[in-house]
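The report below describes a protein assembly for a reader who is starting out in structural biology. Please keep the sequence and the 3D view at hand while reading.

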Amino acid sequence: MGGAGAIQVPATSLLALAAILFCIGLYGALTRRNLIIVLVSIELMLNAANINLVTFSRLGASPGLHGQVFALFTITVAAAEIAVGLALLLAAFRTRRSTHVEDMDQHKW
Amino acid sequence: MAAHAWLVPLLPLVAYVFLLVLGRRAPEWLVAGVSTALTFISFLLSLGVFRDAGQPATYTFPWLHVGSYTLEAGIQVTRLNALMLVVVSAVSTLVLLFSKGYMHGDERFAVFYQYLNLFVFSMLALVIAPNLLQLYIFWEMVGLCSYLLVGFWFFKPEAALAAKKSFIVTRIGDAGLFAGIIMLFLASGSFDVTTVLQAAANHQLHLGWISNDGLLVLTAILVFVGAVGKSAQFPLHVWLPDAMEGPTPVSALIHAATMVAAGVYLVARMYPLFAASQAALTTVAWIGGFTALLAALIALTQRDIKRVIAYSTISQLGYMMLGLGVGAYAAGVFHLFTHAFFKALLFLAAGSLIHALGTQDLFEMGGLRRKMPVTFWTFLAGALSLSGIFPFAGFWSKDDILAGALRHGHPALYAIGLVTAFCTAYYIFRAFFLAFAGPARDAEKHARAHEGGWVMTVPLVILGILATIAGFFNSPLNGYGLGKFLTPDLSLYQTGLGGYMAPERADVTVMLISVLVGLAGIALAAALYARPAAVDRIASEGKAEDIGPLYRLSYRKFYFDEIYYAVVVAPGKFIAAVVDGFDRYVVDGLVHLVRRIVYLAGLCLKYTQTGQVQAYGTVAAVALVVIIAIAMIRAGGVF
Amino acid sequence: MQILWTPEMIAFFLISLAILACAVMLLSFQKVIYMALAIGGVFIGCAALYILLGAEFVGISQVLIYAGAITILLMFAIMLTNHEAVEPEARWTVRRVFSALGCLALAAVLWFVIRSVQWPQGDAATDINQGHPNAVAIGLMLFKTYTIPFELVSLLLIVALVGAVILARPPKEGE
């Protein structure tokens, strides 16, 4: 089992991967026009966080299962989030016939 | 029974809350029924309290702890308080019943009863308050109820103005009372009436900056100022006639029988304080006497029936003050007692007339004797009582006061009282003859006139009987029973007035003179207004022709309103205009400046609100990076 | 830093490469539907990473929930809206430049942080599963230590489910 042996991958590399993934997600969330892709980018950011959680569960100061359990919770919450987000998207699409973020500007001055 | 006296004010409060819950759409019979029934139970309870009244019984509980002083709330039943409970609850019950007929069909009928119940509660609670602060609270509450009820028809501008006037003018007196209460507290260390009075009677009031005797006079006068405001004595009498804009049952209850008598009650309650300083007593007596005469002179020429009775009330309250001031304590309170009945009766009878005719102008009435027999006879009883004709109630009490003034060495006040008595008999019978005798001066209104239902006639009859017989409670026939009942209240204190609170025997000469004077007044009124030959003269007076300067002086109420307007109101308005200008152009200018700056800032900044979520996100992300970078640099060791 | 070319390390590099490639593709595709496919790659790559790190249960869950459910859900959403949608040609507006600079700066900052911290290493030999298979160990922990959060999360899921249904339902006449 993987849990038993020592892992040779340095934590730094994993954290760096997560950081890059997070930044890509952030960039996508800030620049994509399509609301679906914005949601997807947010999922990317959540995944980056998850990688960190699982990494620390294994390579942190006190290894344990807490990180993995927390990652599971994150996945659950992400599922809920995407469900509600897509429902909102559908409702918005029905009234505006568009999924573009730029069109959702009722709060403009 | 005295321990249960708290129930007496509680029941009208229950009625008030009940009506409040019912709302203003409640059916009239329910509203009037509940109010009248509960107040009637209050009346029965207060009869029980009265029967058992003896030594002052105080029941209090600690209410507020302020510093080291514990303020107590509760009730105190003295003989005077018990008597007042009976008077107030009796008149209240009858007026509540009468209002059912008078206010029938008014769309705020339930609200009217709410206010009335609140008033009855406040008045009863005022009467049994054991300390001055509690007394003051309810003192203000009755003032508030008076305001609400005078302005009950607030859509009439006169009513709204009158309500405002009555509230503001009585406030002047209240300020004096409050100052007096504070000084008494500072000087005696307590609000408790018994403690304060004991200290006053023993000359133990102390304040650093004033001599003890001066302090007694000053506090007594300040308390008296409160009484002057509430009881509409000169120079604060101007509000009461205007308060007649309220519904007539209100005038009967508040502005004749109970609230205005609260001033007299206050002086009676604090009597040992007044008795401790001759100067204060003299002031009370002379203010009372002067007011009595002044109001009677004004009442001579008024053409509004309610105003006639209102000035009569002021005049009679002046009598009471005169009685208290000359040292005839029992006589003053006794007059309060009888006056409550016959004046409520006169007002209700006037209300019956107004209800039937739809006018308050005496010169539009006339010839109603056959049309409204119950009103006729009861009004007659009230008028005879007011005129002080044997054996009606007013005779005994008024005569007591006059005899007291003479006996205690105030012949001048006695003379004033006699003149007032003459005027009183004249003006009330002038009103009586104008309303009931002679031909109908307004045929159309006369044709419509009719007696009210039983809810209106029953209170009239009961009050008529009371106005006839109430005098016997303190007549020589039962050995001045009321006086003997009341005076033990005072013998608790070293008043120095002890023996002659109540007379020992009747003075037949004085009585005879009073009755003769009263009869003379009636005769003059009859000669001027009841003879068939007087019709033309009445018609010309009704059209306000051929009026001499003295008549005009009286008719214009000695120009008090005009003088007060010029001296008090106009400067006040001037100051208000200056302050208003300052507020409008300086304060508001600053406010507008600030508003404009904020508005401009908002105008510029609003363009940042593009509605684009991602733009906001970008700003947040950049800010996040900056914050993390700053944190890193501060932590050090990163680069 | 010396890199030890162990099999695990090689696997890690390959997986990372795949994840980053998918992520970049996700942002560079023009058609929305391709983007949704690319995100599937990212999810699966992450799952592989978890398994590499010994978190089999999380990895499997990742595949089931993310790669399975969420990706399919996204597809549905795209199909229900305008599935022909094409992401317009990227133009370098001020906002876009700031976004890019911000993200790059964030990456740089994070990189510096990661570099500069001496990550404390726990005892790598500890058996975090305490003798059980990973799934059993996680189950024990969920139902013992994390019972209340677990229940709360289930509540959250119900609420999200009902909320999503109500939101996505077409409005009735007159509403």
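Helices and strands are taken here as DSSP runs, with at least four residues for a helix and at least two for a strand, and they are numbered from the N terminus. Counted in this way, chain A has three helices and zero strands, and along its sequence these elements follow the pattern α-α-α. The model discussed here is a predicted one, and every value below was computed from it.

**Chains A and C**

Chain C, like chain A, can be described by its helices: it has six helices and zero strands, which read along the sequence as α-α-α-α-α-α. The table sets out some overall values for these two chains.

| Chain | Buried residues | Contacts between residues 24 or more positions apart, out of those with a separation of 6 or more | Accessible surface | Share from carbon and sulfur atoms |
|---|---|---|---|---|
| Chain A | 63% of 109 residues | 61% | about 3700 Å² | 66% |
| Chain C | 35% of 175 residues | 56% | about 10200 Å² | 74% |

To read the second column, it helps to know that a residue counts as buried when its relative accessible area is under 20%.

**Where the chains meet**

The size of an interface is often given as the accessible area lost when the parts come together. For chain A and chain C, this buried area is about 7300 Å², and carbon and sulfur atoms give 77% of it. Within the part that chain A buries against chain C, A:Y27, A:L65 and A:F73 supply 8%, which is more than any other three residues. The contact itself takes 76 residues from chain A and 83 residues from chain C, while the count of salt bridges between these two chains is zero.

Chain C also meets chain B, and here the contact takes ten residues from chain C and eleven residues from chain B. Together these two chains bury about 920 Å², with 80% of that area on carbon and sulfur atoms. How much of the area that chain C buries against chain B do C:R95, C:V109 and C:F112 supply? These three residues supply 48% of it, more than any other three residues. Across the interface of chain C and chain B, the rule finds zero salt bridges.

**A hairpin in chain B**

Chain B contains a pair of strands that can be followed residue by residue. Strand 1, residues 57-66, and strand 2, residues 69-77, pair in the antiparallel sense over nine bridges. Among the facing positions, B:T60 stands opposite B:G74 in strand 2, and B:F61 has B:A73 as its bridge partner in strand 2. The two strands of chain B form a hairpin with two residues between them, and in the turn B:G67 has a positive phi of about 60 degrees.

**Helix 27 of chain B**

Helix 27 of chain B runs over residues 613-635, and its length can be checked with a short piece of reasoning. At 1.5 Å a residue, its 23 residues should span 33 Å, and because its end C-alpha atoms are 33 Å apart, the expected and the computed values agree. Which residues of helix 27 of chain B are buried? They are B:Q614, B:A615, B:T618, B:A621, B:V625 and B:M632. The cover over these buried residues includes parts of other chains, namely helix 1 (11-31) and helix 2 (35-59) of chain A, together with helix 4 (94-116) of chain C. After helix 27 of chain B comes B:G636, whose phi is positive, near 80 degrees.

**One residue in its surroundings**

A single residue of chain B can serve as a last example. B:Q198 lies in helix 7 of chain B, residues 193-201, and with a relative accessible area of 28% B:Q198 is partly exposed, because that class holds values between 20% and 50%. Leaving aside residues up to four places away in sequence, B:Q198 touches B:L492 and B:Y493. In addition, B:Q198 and B:P272 are 74 residues apart in sequence, but their C-alpha atoms are 7.9 Å apart in space.

Methods
Residues numbered from 1 in each chain as written. Chains lettered and ligands numbered in written order. Predicted model: local features only at pLDDT ≥ 70, side-chain atom pairs only at ≥ 80, totals over all residues. Heavy atoms only, no water. Buried < 20%, exposed > 50% of the residue type's maximum accessible area, 1.4 Å probe, protein only. Contact = heavy atoms within 4.5 Å. Areas by Shrake-Rupley, 256 points an atom, 1.4 Å probe, with all protein chains shown as cover. Pairing = 2+ DSSP bridges. Expected span 1.5 Å × (residues − 1). Buried area = accessible area lost by both parts, 1.4 Å probe. Salt bridge = Lys/Arg side-chain N within 4 Å of Asp/Glu carboxyl O.
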